[in-house]
Structures are given as structure tokens and as C-alpha cells.
Amino acid sequence: MKRIKTIEQRDLHKSAMTGGCGECQTSCQSACKTSCGVANQKCESRK
Amino acid sequence: MVHQYQLNGYYIVVDTCSGSIHSVDDVAYDVISLYETHSEDEIIRKILADYPDRRDVNQEEIRECQEDIQLLKKENRLFSKDLFEPLSENLAMKQDTVKALCLHVAHTCNLNCSYCFAAQGKYHGERDLMSFETGKKAIDFLISHSGDRHNLEVDFFGGEPLMNWETVKEIVAYARLREKEENKHFRFTLTTNGVLIDQEVMDFCNREMDNVVLSLDGRKEVHDHFRKDYQGRGSYEKVVPLFQAFAQSRRGKSYYIRGTFTHHNTDFTKDIFHMADLGFTELSMEPVVCPPSDPYALTQEDLPVLYEQYEILAKEMKRRKKEGRPFTFYHYMLDLSHGPCIYKRIAGCGSGTEYLAVTPKGELYPCHQFVGETAYRLGDLEKGIVNSALRDRFASCNVYARPQCRDCWARLYCSGGCAANAYHATGDIGGIYEYGCQLFKKRLECAIMLQVAESEEEG
């Protein structure tokens with residue numbers, strides 16, 4: 001596309017089929033301790 | 001839902017529900033903003049009027065752009081619908097698995113930081129240390145409630161956990177024995193003010209701790225303003241060399257230099273750059289959490305200053321990366337291709353369900369920020385969770401439970417925000433901490449911009 005560049009990323013709709021294993025890190029265990037954000041968590045699914 | 005913004009010369013379009021991020025030019029940016037509310041011909045007329053002197057903007061070009069947008073819409077990568085709400089109902093059912101504990105091994109501290117949300121480590125209660133027996137019970141509780149989860153997390157927290165160091169080591173040794181028997185994998189973290197770090201602490205942590213969080217607020221005068229000992233002496237000179245040695249000895253294992261900024265240092269990027277100049281590369285800087293009446297609380301007037309600071313930070317990170325001296329900032333870390341699935345994005349941090357805090361006496365709370373709020377006591381290690389009504393409230397506390405989040409473009413990045421922040425701001429864990437939302441959205445815009453910049457540089 002000439003005017004639009006889509007950055008490669010995980011499709012959230014598809015992740016509804018394969019996700020939910022719960023193995024990923026709990027957000028607050030890392031560095032923040034006083035806020036919440038999940039965007040920087042890594043997926044640890046083995047599927 | 002689509003969110004559009006311009007930052008650092010980039011035109012960025014975020015499609016909330018698919019998670020798609022598009023870097024576009026000015027014309028496509030304007031066409032997208034009109035796409036859902038205007039006819040194709042109206043858009044063409046308007047764009048031609050808005051770009052009278054641009055040779056690359058003609059009817060054919062605009063139609064081509066509209067076709068691209070239509071294709072992205074068809075592929076669910078633009079204007080995609082939110083189909084995830086039914087998943088949140090399933091999540092509310094999955095509430096009996098616990099996979100992470102914050103172990104308050106020491107409700108005491110060797111520093112006397114006036115801004116401490118834990119009230120100098122005592123959480124408004126008595127000074128106390130967790131016994132090894134209680135720690136063992138916590139490990140057993142976690143294993144027995146973890147169901148089929150393999151990765152289990154334990155954070156040694158306080159107060160200052162190094163004031164109960166021998167117990168920390170005993171708990172780790174016990175958990176390592178149990179993980180073999182139960183086919184689990186423990187990940188330990190330690191959050192410390194650094195005063196008691198020595199070679200033995202570093203060696204042990206480098207063997208056993210997946211992550212260490214080291215509290216440093218930045219410049220000496222900023223750090224020492226709050227982070228004083230009981231004689232009123234600042235701790236900067238004591239902890240910085242220890243943190244430098246510790247960070248260096250991690251050899252690839254994770255650590256974070258974590259600071260707090262307040263109304264007194266709204267120019268907090270200077271503190272972050274100071275941390276980077278000290279040689280630290282994994283950095284986190286959090287807005288202070290306190291009642292608005294505290295003199296160091298962040299104010300509405302601070303907000304535009306903080307927004308600008310986050311932009312300065314993103315631009316400087318980009319510059320330093322180019323110069324070969326990069327550092328990471330916790331809130332700007334976005335893993336777009338291997339990031340969290342939709343379930344994680346809806347459910348959030350898991351406080352009160354899969355994540356619990358344990359006090360030195362073995363009481364269970366939804367997270368470390370609720371410890372001491374007796375109305376939020378869930379139970380204890382002996383009886384387990386007895387306040388199941390409270391646990392159910394936390395289990396249903398997801399992004400779709402908050403009406404204010406429904407129209408927010410960032411909702412699948414923050415999962416509805418922090419329950420403790422919401423409680424402190426509104427008295428209700430189902431509320432929202434609006435100030436925190438505003439900062440979160442600004443940080444997210446900056447984080448996405450950095451990803452776009454990287455992608456553009458790759459070509």
C-alpha cells in the first residue's frame with residue numbers, strides 16, 4: 001500500500017482461539033508495583 | 001474503534017480491537033478520519049480542498065487510498081469490531097487458580113521514605129518479619145492452588161526484604177525442592193532499597209532470582225529528598241555503587257532500576273537519563289501513588305508537563321539507540337508480535353485471583369497495595385480464601401466491567417487499569433483512576449511511536 005504501512009503484530013482475534021494458557025508473567029511482579037499494564041508482557045504459550 | 005495521533009513526525013493509526021498499528025502519511029491519516037462518517041465522494045472533495053498544492057493528491061490517488069482502507073477493514077485490521085466481551089464471562093469463572101504470590105517477608109524497613117505507600121514498610125500495622133514456617137506454607141499454598149500452571153511466581157517484597165534475608169534463602173531452597181517434586185517452575189524476584197546488598201546477596205540473587213527490582217529515584221538530590229534513613233541521611237551514596245555492581249553482575253539476567261517521581265520532580269526524564277548515565281540500562285519510573293492532599297501528589301497542572309516529559313523520553317531513547325547506547329523503559333516495552341493474548345488483555349494483572357499478597361502473619365490480600373486494608377482481607381494460609389465474595393468481585397473486575405473503559409482506545413493495553421489505584425481514587429475497585437489513565441495513554445502513544453519509528457527505519 002502506498003500510503004499505509006501496517007506494523008507486523010499479533011492478531012488479537014486469532015489469539016482468542018489459541019490464548020488463555022495463563023503461563024505468562026503476572027503484570028505487577030515485574031517492575032511497576034503501583035500500576036497496571038499488560039502490553040509489555042510476553043506470551044509464553046507453547047501452542 | 002480507531003485511535004489516530006501524530007507524534008515525532010509520524011502519523012499513527014491504532015485499531016483497538018485487532019491490535020493493528022498503521023503508520024500512514026498525512027493524506028491517508030485524513031481519509032481514515034473521515035472514512036466512517038462521510039461518503040467516498042465527500043471524502044474526495046474534502047481532501048482535494050485540503051491539499052490544493054500537492055501533486056500527489058488527486059482523485060485517483062484518493063480512491064486508491066480508500067480501496068486500501070476498505071481492504072484493511074475487510075481483513076479486520078481497521079475499524080474492527082469488539083467481539084471479546086463474551087470471553088470476559090469465561091474469565092470470571094476461572095477464579096480458583098493462583099499462580100503468583102507477593103511475599104511480604106518484612107513489614108519493616110531500614111529507610112524512612114515519607115512517600116512510601118507501605119507506610120515505611122509497616123502497612124499501617126506493627127513491624128513484623130515472616131517466619132520460615134509461614135513462608136513454607138505460602139509455597140505449599142501456591143503449589144496446591146496452581147492447578148495445571150507450570151510457571152509460578154514469587155516476589156520477595158516488604159518493607160525491605162533483605163531485613164529477613166536468611167528466611168528468603170530458606171524459602172527459595174524449599175521451593176526449589178518442591179518444584180522438582182511437583183513439576184513446577186518457580187520464578188523469584190526481589191524488590192529492594194539496596195542498603196543491605198553485599199556480595200553474598202548478589203551471588204544468591206544471580207543464581208536464584210529471575211529479576212531484581214532496585215529502588216533508585218534518579219539524581220542525588222531527588223533520591224535523597226525522600227529516600228532517607230532514620231537519622232535523616234540520604235541513601236544515594238550508599239546504594240548507587242551497590243546497584244552498579246549488582247547490575248553488572250546480573251550478566252544478562254533481568255533487573256530494573258525503579259524510581260518514583262512526584263510533584264517535586266516533574267522533570268523526571270532528567271532522573272531517567274541520570275540512571276542511564278550511571279550505566280543502568282533497564283529502567284522504570286512510576287508516578288507516585290498517594291492521596292491528592294499530600295504535598296508531593298501530582299496535580300492537574302502537572303499533566304501537560306508530564307506529557308511533554310514522556311515525549312522527551314521517547315525521542316531521547318531513539319537518539320541513544322542510534323548512538324549505540326540504548327536503554328529500555330519498562331512502560332515503553334511493547335512486544336507487538338509476541339505480546340499478550342486477548343485473554344490476558346481483558347483480565348489484567350490477576351490481583352485477588354491468580355495473584356495474592358501474603359503478610360508476615362500469613363494473611364492473604366488481593367495484592368500488595370491492599371495489605372493493611374482489613375476490609376480487603378481475603379483469608380489466610382491456614383483456612384485459604386474465606387472471603388469468596390470479595391474474590392468474586394476481583395474475578396469479575398475486567399476491562400468490560402468498567403463502563404468508562406468501553407470507549408477507550410487503550411483498554412486492551414491496560415486491561416481496565418489497576419484495582420488498587422481505582423480503589424484509592426474512587427473507593428471502588430470497579431472505578432477508574434482517571435489521572436493514571438491519562439498518563440498511561442500518553443506512555444502508550446510514545447511506546448507505539450517507538451515501534452513505528454523502528455519499523456520505518458527497517459524499511
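**Exercise 1. The loop that holds B:G159**

Task: State where B:G159 lies in this predicted model, and what the peptide bond from B:G158 to B:G159 looks like.

Solution.
Step 1. Find the elements on either side: B:G159 sits in the loop between strand 6 (151–158) and helix 6 (165–182) of chain B.
Step 2. Look at the bond that leads from B:G158 to B:G159: this peptide bond is cis, and its omega is near 10 degrees.

**Exercise 2. Helix 6 of chain B and its partner helix 5**

Task: Describe how helix 5 and helix 6 of chain B pack, and name the residues that meet.

Solution.
Step 1. Take the geometry. Helix 5 (residues 132–144) of chain B packs with helix 6 of chain B at an angle of about 30 degrees, and the axes are 9 Å apart.
Step 2. Classify the angle. Angles under 35 degrees count as roughly parallel, so helix 5 of chain B is roughly parallel to helix 6 of chain B.
Step 3. Give the handedness: the crossing of these two helices is right-handed.
Step 4. List the residues. Helix 5 of chain B brings B:F132, B:G135, B:K136, B:I139 and B:I143, and these meet B:T167, B:E170, B:I171, B:Y174, B:A175, B:R178 and B:E182 of helix 6 of chain B.
Step 5. Sort them by class: the contact of helix 5 with helix 6 of chain B has six nonpolar, two polar and four charged residues.

**Exercise 3. Two residues with positive phi**

Task: B:Q120 and B:H124 each have a positive phi. Where do they lie, and is each buried, partly exposed or exposed?

Solution.
Step 1. Note the angles. Phi is about 55 degrees at B:Q120, which is not a glycine. At B:H124, also not a glycine, phi is about 65 degrees.
Step 2. Place the residues. B:Q120 is in the loop between strand 4 (100–107) and strand 5 (128–129) of chain B, and B:H124 lies in the loop between strand 4 and strand 5 of chain B as well.
Step 3. Use the neighbour counts. B:Q120 has 19 other C-beta atoms within 10 Å and is therefore partly exposed. B:H124 has 12 other C-beta atoms within 10 Å, so B:H124 is exposed.

**Exercise 4. A sheet built from two chains**

Task: Give the strand order of the sheet that includes strand 1 of chain A, and say which strands stand at its edges.

Solution.
Step 1. Write the order. Four strands form an open sheet, 1(A)-3(B)-2(B)-1(B), with antiparallel pairing.
Step 2. Find the edges. Strand 1 of chain A and strand 1 of chain B each have a single partner strand, so one side of each is left without a neighbour in the sheet.
Step 3. Add the twist: neighbouring strands of this sheet are turned by 25 degrees against each other on average, direction ignored.
Step 4. See what lies on the sheet. Helix 16 of chain B packs on it, touching strand 1 of chain A together with strand 1, strand 2 and strand 3 of chain B. The direction of helix 16 makes about 115 degrees with that of strand 2 of chain B.
Step 5. Look at the pairing between the chains. Strand 1 (residues 4–7) of chain A and strand 3 (residues 20–24) of chain B run antiparallel and are joined by four bridges. A:K5 has B:S23 as its bridge partner, and A:I4 stands opposite B:V24.

**Exercise 5. The contact between the chains**

Task: How many residues of chain B are in contact with chain A, and which element of chain B gives the largest share?

Solution.
Step 1. Count each side: 72 residues of chain B are in contact with 41 residues of chain A.
Step 2. Find the largest share. Helix 16 (residues 434–458) of chain B supplies six residues, the largest share of the side that touches chain A.
Step 3. Sort by class: this side of chain B has 31 nonpolar, 27 polar and 14 charged residues.
Step 4. Turn to chain A, which has one helix and one strand. Of its 47 residues, 53% are buried.

**Exercise 6. Helix 1 of chain B**

Task: Which residues of helix 1 of chain B are buried, and what covers them?

Solution.
Step 1. The buried residues are B:V27, B:A28, B:Y29, B:D30, B:V31 and B:I32.
Step 2. Their cover includes strand 1 of chain A, together with strand 1, strand 2, strand 3, helix 2 (40–50) and helix 3 of chain B.

How values were computed
Residues are numbered from 1 along each chain as its sequence is written. Chains are lettered from A and ligands numbered from 1 in the order in which they are written. This is a predicted model: local features need pLDDT of at least 70, side-chain atom pairs count only at pLDDT 80 or more; totals for chains, interfaces and linings use all residues. Two residues are in contact if their C-beta atoms, placed from the backbone, lie within 7 Å. Ala, Val, Leu, Ile, Met, Phe, Trp, Tyr, Cys and Pro count as nonpolar, Asp, Glu, Lys and Arg as charged, and the others, Gly among them, as polar. Two strands pair if DSSP finds at least two bridges between them. A residue is buried if 20 or more other C-beta atoms lie within 10 Å of its own, exposed if 12 or fewer, and partly exposed in between; C-beta atoms are placed from the backbone. Axes are lines fitted to C-alpha atoms, for helices over the stretch in contact, and angles run from 0 to 180 degrees between N-to-C directions. Angles under 35 degrees count as roughly parallel, over 145 as roughly antiparallel, 65 to 115 as roughly perpendicular and the rest as oblique. A crossing is left-handed if the near helix is turned anticlockwise from the far one by less than a right angle, and right-handed if clockwise.
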